[in-house]
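Open the model in a viewer and keep the sequence panel visible. The stops below are given in the order in which to select them.

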Amino acid sequence: MEEVLISIASRPERPSWLRAPAPAGENYRELKQLVTSLNLHTVCESAACPNVGECWNRKTATFMILGNVCTRRCGFCAVQKGAPLEVDYDEPRRVAEACAALGLRYAVITSVNRDDQKDGGAGLFASTIRAIRERIPGCRVEVLVPDFQGSQAAMETVIEAEPDVLNHNIETVPRLYRQVRLGARYERSLEMLEYAKSLRPNIPTKSGLMLGLGENIDEVLGVMRDLQGHGVDILTLGQYLRPSPKHLPILRYVPVAEFNELRLEGLRMGFAHVEAGPLVRSSYHADGAL
């Protein structure tokens, strides 16, 4: 019988050491005002990232294009689900304006899944990359893209805009996909990462996993080997944190020592950079990987 994530078993208590700074401070307030005034979205807020206080006070944020309503219903994600918003073709300009106002030299752009769009939103990713480069020459741009439902043409559109890093998260181990990544396929994500690398071998590819959803160490190491075997250069590993009681439960809090060992194992496998820790997320300290 297939293992399930939802059970009546008692949940582990959150460790006292797993704490993040509260979202406060002058820089935090200024960035929030900027995002609001430009009618933009950030994954920091929409996905309830625990690092929003730290990152926004460093004047860094991950902008989320194509609206803040996702067409998929993944069991781990806090982003709103439902009927998607109209595509806002002025959004790339405003994202570039926000990046310029923040003085960014490294920008991270992601999106909701837009399965309603023929190209999955790839065209707007490309437009955003180009808008940032035009507004801030020399600014590096990392994109965290969806799987585009396996569309190679969509991936080509993004890669042709030459992002500095192409990120697509694998999220979890294959056994848990049906419960964690509804609408996604493990093999398809690997294939998209490999295809991106084949198009521009000089562009680093990146992927990440959440731990604590019921996977075991052998499964995690297996995914790491798969990612390395498909040309992924940069790996992130973080603790899954349940956004609300409606989301999948946390089955285990992974000790810091285990994250440290996984980081070392990833480097031994051949990853160019591994960011691992309880509060690590896809774009956490992203500029330090290059």
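The tour goes from the whole chain to strands, cores, a cavity and a few single residues.

**Before selecting anything**

This is a predicted model, in which local features need pLDDT of at least 70, side-chain atom pairs count only at pLDDT 80 or more, and totals for chains, interfaces and linings use all residues. Residues are numbered from 1 along each chain as its sequence is written, and side-chain values use heavy atoms, with hydrogens and water left out.

**Whole chain**

Show the chain as a cartoon: there are 10 helices and nine strands. Helices (H or I, at least four residues) and strands (E, at least two) are DSSP runs, numbered from the N terminus. Colour by accessibility next; 53% of the 290 residues count as buried. Buried means under 20% relative accessible area, exposed over 50%, and partly exposed in between, with a 1.4 Å probe and protein chains only. Among the contacts in the chain with a separation of 6 or more, 75% join residues 24 or more positions apart, a contact being heavy atoms within 4.5 Å.

**Strands β7, β8 and β9**

Select residues 234-239, which form strand β8; six of its six residues are buried. Ile-234, Thr-236 and Gly-238 point one way from β8, Leu-235, Leu-237 and Gln-239 point the other way, and all are buried. In a regular strand the side chains alternate between the two faces of the sheet.

Add β7, residues 205-211, which pairs with β8 in the parallel sense over six bridges; two strands pair if DSSP finds at least two bridges between them. Within this pairing, Leu-237 of β8 has Leu-209 opposite.

Then add β9, residues 273-276. The pairing of β8 with β9 is also parallel, over four bridges. Leu-235 has Val-274 in β9 as its bridge partner. From β9, His-273 and Glu-275 point one way, Val-274 and Ala-276 the other, and all are buried.

**Nonpolar cores**

Which residues touch the most other members of the largest nonpolar core? Select Phe-63, Ile-132 and Leu-227, the answer for this core of 83 residues. Helix α5 (residues 122-135) gives the largest share of the core, seven residues. A nonpolar core is a set of buried Ala, Val, Leu, Ile, Met, Phe, Trp, Tyr and Cys residues joined through side-chain atoms within 4.5 Å.

Centre on Ile-132 and show its surroundings: leaving out residues up to four places away in sequence, Ile-132 touches Val-95, Ala-96, Cys-99, Ala-107, Ile-109, Cys-139 and Val-141. Apart from the largest core lies another, of five residues, including Tyr-106, Val-108, Val-165 and Ile-234.

**The second largest cavity**

The structure holds two cavities of 30 Å³ or more. On a 1 Å grid over the protein atoms alone, a cavity is a set of points where a 1.4 Å probe fits but cannot get out, and lining residues have an atom within 4 Å of a point. Grid points are joined across faces, edges and corners, and a volume is the space filled by probe spheres set on the points.

Select Asn-113, Arg-114, Asp-115, Gly-120, Pro-146, Phe-148 and Gln-149, which line the second largest cavity. About 30 Å³ of space lies in this cavity. Its lining has two nonpolar, three polar and two charged residues. In this count Ala, Val, Leu, Ile, Met, Phe, Trp, Tyr, Cys and Pro are nonpolar, Asp, Glu, Lys and Arg charged, and the others, Gly among them, polar.

**Single residues**

Stay on Gln-149, found in the loop between β5 (140-144) and α6 (152-160). Gln-149 has a positive phi of about 55 degrees although it is not a glycine, and is partly exposed at 44% relative accessibility.

Move to Glu-171, in the loop between β6 (165-167) and α7 (177-180). Its phi is positive, about 75 degrees, although Glu-171 is not a glycine. Is Glu-171 buried or exposed? Glu-171 is buried, with a relative accessible area of 14%.

Finish at Gly-266 in helix α10, which is buried at 0% relative accessibility. Not counting residues up to four places away in sequence, Gly-266 touches Met-224, Phe-271 and Val-274. The C-alpha atoms of Gly-266 and Met-224 are separated by 7.1 Å, with the two residues 42 residues apart along the chain.

Methods: On a 1 Å grid over the protein atoms alone, a cavity is a set of points where a 1.4 Å probe fits but cannot get out, and a pocket is an open set with protein on both sides within 12 Å along at least five of seven lines; lining residues have an atom within 4 Å of a point.
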